[in-house]
Amino acid sequence: MKNPWTKKNPFMSMWLSGANAAIGSARGRVAAESKRQANAMMTEGTKQMIDMWTGALTSPAKPKRKRNR
């Protein structure tokens, strides 16, 4: 007598294939968004560092005067 637990189930196979596709798509989107955020943070950090180092080389900006009306 064959073991019923080892028999292939086509419905379970279709369900697992669909679940795997959905999870793979979500994982790809999360990875892409995290990469975009990491790139944005690195760009902002580099910009701040360059502004800090080059800010000492330039004269400080004069404050704008408010006009009285």
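**View A. The Asp-51 and Lys-47 salt bridge.** In this predicted model, Asp-51 pairs up with Lys-47 in a salt bridge, and their closest N and O atoms sit 3.6 Å apart. That makes the cut, because a salt bridge needs the nitrogen within 4 Å of the carboxyl oxygen. Both partners belong to helix α1, 4 residues apart, so about one helical turn separates them. Asp-51 is partly exposed at 43% relative accessibility, and Lys-47 is partly exposed too, at 49%.

**View B. Arg-36 meets Glu-33.** Here's another salt bridge: the side chains of Arg-36 and Glu-33 come together at 2.8 Å, N to O. The two are 3 residues apart in α1, again about one helical turn. Why does that spacing suit a pair? An α-helix has 3.6 residues a turn, so residues three or four places apart point the same way. Glu-33 counts as partly exposed, with 35% relative accessibility. Searching the whole structure turns up 2 salt bridges.

**View C. Where α1 begins.** Just at the start of α1, Asn-9 reaches over with a side-chain oxygen, which comes to within 3.1 Å of the backbone nitrogen of Phe-11. The helix itself covers residues 10-55. With 46 residues at 1.5 Å each, α1 should span 68 Å, and its end C-alpha atoms agree with that at 67 Å apart.

**View D. A nonpolar patch on the surface.** Met-12, Trp-15 and Leu-16 make up this patch, together showing about 350 Å² of accessible area. Met-12 sits in helix α1 and is partly exposed, its relative accessible area being 44%.

Note on methods
Residues are numbered from 1 along each chain as its sequence is written. This is a predicted model: local features need pLDDT of at least 70, side-chain atom pairs count only at pLDDT 80 or more; totals for chains, interfaces and linings use all residues. Side-chain values use heavy atoms; hydrogens and water are left out. Patches are made of residues with over 30% relative accessible area and no salt bridge: like charges are joined within 9 Å, nonpolar side chains (Val, Leu, Ile, Met, Phe, Trp, Tyr) within 5 Å. Accessible areas come from the Shrake-Rupley method with a 1.4 Å probe; for residues, only the protein chains shown count as cover. Buried means under 20% relative accessible area, exposed over 50%, partly exposed in between (1.4 Å probe, protein chains only). The expected span of a helix is 1.5 Å times one less than its number of residues. A polar contact is a pair of N or O atoms within 3.5 Å; within protein, one must be able to donate a hydrogen and the other to accept it, and residues adjacent in sequence count only if both atoms are side-chain atoms.
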